[in-house]
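Reader: I have a protein model on my screen and I am not sure how to read it. Could you walk me through a few features?

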Amino acid sequence: MDKIFGYENLINEVIWYYRSGGGSKRHFGRKHDTLLFYAKDKSRYLFYPDAVRVPYDAVIADSRKHLFNVQGKVSPDVWDISRPPNHSKEWLGYPTQKPEALIERVIQSATKEGDVVADFFCGGGTTPAVAQRLGRRWIACDQSRVAVAVTADRLIRGAQQLTTDLQIPDFTIEYWGVYEARRLTRMPAEQFREFILRCFGARPSEEHANIHGYKGVVPVWVGSPQADQPVTPQEVLAFANAVRRTPRYQQGSLREGIMLAWAFSPEARDAAEKLRSQEQVNVNFIRLDLIRIDSPQFRRHVAELSTDHADYENFLTFVQPPRVEVGYQRIAPLTYKFDVSDTVVVNPNAKILNVQWDFDYDGRHFRSTQGYALAKASEPVVYKFPRPGVYTIACKVQDDKGGEGVWVGEVKVE
Ligand SMILES: C[S@@+](CC[C@H](N)C(=O)[O-])C[C@H]1O[C@@H](n2cnc3c(N)ncnc32)[C@H](O)[C@@H]1O
């Protein structure tokens with residue numbers, strides 16, 4: 001923090017003291033966390049101590065109350081704030097979740113309504129939830145997709161519970177680095193091409209029709225964004241002909257080309273093999289490399305772009321959503337047991353990490369009726385509906401590789 005903000009810009013070291021947890025016979029009870037309060041520039045920063053005054057100590061309050069601010073005293077740098085008990089409404093079960101009262105004090109002491117609060121490690125979303133409730137705008141990030149889902153859910157429910165007439169702006173979720181194969185398929189072809197070329201370390205070019213870019217001097221071609229349109233032999237031949245027309249080919253110094261696509265038809269592979277097989281007999285052969293975009297071979301090219309500052313391979317992953325299968329069974333009047341045990345995770349080595357259920361889905365805002373079963377994600381859940389009727393049920397499943405799938409279905413409840 002000293003390096004980032006400057007040693008001279010430290011304003012306070014705050015001790016957050018809590019009574020629960022941390023006990024042991026092997027060391028003193030661990031009952032505090034430390035908050036470091038820095039300003040970007042200590043000579044001009046905003047601080048609103050009046051917004052977070054605390055009660056006077058009892059002794060003073062009784063004897064000399066009239067001398068003091070009825071709002072209480074300016075908060076000292078030791079804060080006694082209890083953690084939400086496990087059974088409280090606030091408690092989501094997100095590990096390391098912070099109490100709202102703690103975050104409230106941070107936000108109110110440093111911002112006014114309408115200001116922007118950012119938490120780049122938002123976890124269960126305490127900061128944006130409190131910021132929203134207090135009429136602040138917010139930016140929240142987390143590298144964990146589960147954290148993002150839990151946060152989104154909490155914000156939607158928080159907005160619904162608000163009793164004030166605060167106007168809550170809509171929010172959007174941006175996933176960076178994790179590219180859902182399915183979403184890429186909806187990209188316009190040109191944008192997709194450019195994106196794939198850049199991931200691959202190639203530069204886009206429009207000099208020749210049928211050559212989309214170059215990796216070094218090697219011509220590159222990119223297939224359709226649609227995963228269900230495998231490359232055809234005609235496309236292979238068209239690309240080979242374009243390569244033949246390049247000056248380098250004609251000078252005899254280049255015989256290669258690279259085709260990138262989600263899939264290649266067997267006939268396309270045969271066509272490429274035929275071109276290459278002439279290598280032994282004909283100098284006019286062409287050696288085409290057919291690389292699937294979701295293959296390890298593609299990733300190796302991505303990894304090569306990594307530098308000291310950026311780890312591209314981890315930053316760029318193509319993920320597939322799990323195929324969510326929901327089974328259910330009536331076990332008592334209005335009471336049903338739901339399970340996702342037939343769900344198939346598609347990403348290699350992935351396992352299910354989080355399952356959230358909305359037993360009365362409005363088709364737009366997913367609000368878990370039950371969920372965040374972080375540890376026992378795939379166990380069945382039992383839900384009792386308030387009354388008979390037809391309900392829309394949604395189930396969101398996330399795997400630990402960033403894949404997320406949603407199942408929506410109707411259930412007639414009796
Ligand atoms: C201590 S938790 C935050 C808990 C949060 N204050 C709450 O009340 O729920 C830290 C979070 O940081 C996230 N995280 C860790 N490293 C990260 C990184 N490099 N970028 C973004 N998020 C990261 C973790 O996924 C985790 O959710």
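Author: We will go through the domains, the salt bridges and the largest pocket. Keep in mind that this is a predicted model.

Reader: Let's begin with the overall layout. Into which domains is the protein chain divided?

Author: Look for stretches of residues that are grouped together. Here the chain is split into domain 1 (2-161), domain 2 (182-314) and domain 3 (319-413). Between the C-alpha centres of domain 1 and domain 2 there are 52 Å.

Reader: Next, salt bridges. How many are found in the whole structure?

Author: To count as one, a side-chain nitrogen of Lys or Arg must lie within 4 Å of a carboxyl oxygen of Asp or Glu. The search of the whole structure gives 11 salt bridges. One of them joins the side chains of E100 and R154, at 3.0 Å from N to O.

Reader: Which elements hold E100 and R154?

Author: E100 belongs to helix α3 (residues 100-110) and R154 to helix α5 (residues 145-161), so this pair ties together parts 54 residues apart in sequence. The two also belong to a network of salt bridges that links E100, E104, R133 and R154.

Reader: Are E100 and R154 buried or exposed?

Author: The cut-off for buried is under 20% relative accessible area. E100 has 17%, so it is buried, and R154, at 8%, is buried as well.

Reader: What about a salt bridge with a residue that is exposed?

Author: Try D400 and K351, whose closest N and O atoms are 3.5 Å apart. D400 sits in the loop between β17 (389-399) and β18 (404-413), and K351 in the loop between β14 (335-339) and β15 (352-358), so the pair ties together parts 49 residues apart in sequence. K351 is exposed at 52%, while D400 is partly exposed at 28%.

Reader: Finally, the largest pocket. How much space lies in it?

Author: A pocket can be read by its volume and by its lining. This one holds about 1600 Å³. Its lining has 50 residues, and the closest to the centre are L35, L36, V106, I107 and A118.

Reader: Which element gives the largest share of the lining?

Author: That is α3, with 7 residues. Other elements that give two or more residues include β1 (10-17), β2 (32-38) and β4 (116-119).

Reader: And how does the lining divide by class?

Author: Sort the residues by class: the lining has 30 nonpolar, 12 polar and 8 charged residues.

How values were computed. Residues are numbered from 1 along each chain as its sequence is written. This is a predicted model: local features need pLDDT of at least 70, side-chain atom pairs count only at pLDDT 80 or more; totals for chains, interfaces and linings use all residues. Side-chain values use heavy atoms; hydrogens and water are left out. Helices (H or I, at least four residues) and strands (E, at least two) are DSSP runs, numbered from the N terminus. Buried means under 20% relative accessible area, exposed over 50%, partly exposed in between (1.4 Å probe, protein chains only). Domain bounds come from an automatic or database domain assignment. On a 1 Å grid over the protein atoms alone, a cavity is a set of points where a 1.4 Å probe fits but cannot get out, and a pocket is an open set with protein on both sides within 12 Å along at least five of seven lines; lining residues have an atom within 4 Å of a point. Grid points are joined across faces, edges and corners, and a volume is the space filled by probe spheres set on the points. Ala, Val, Leu, Ile, Met, Phe, Trp, Tyr, Cys and Pro count as nonpolar, Asp, Glu, Lys and Arg as charged, and the others, Gly among them, as polar.
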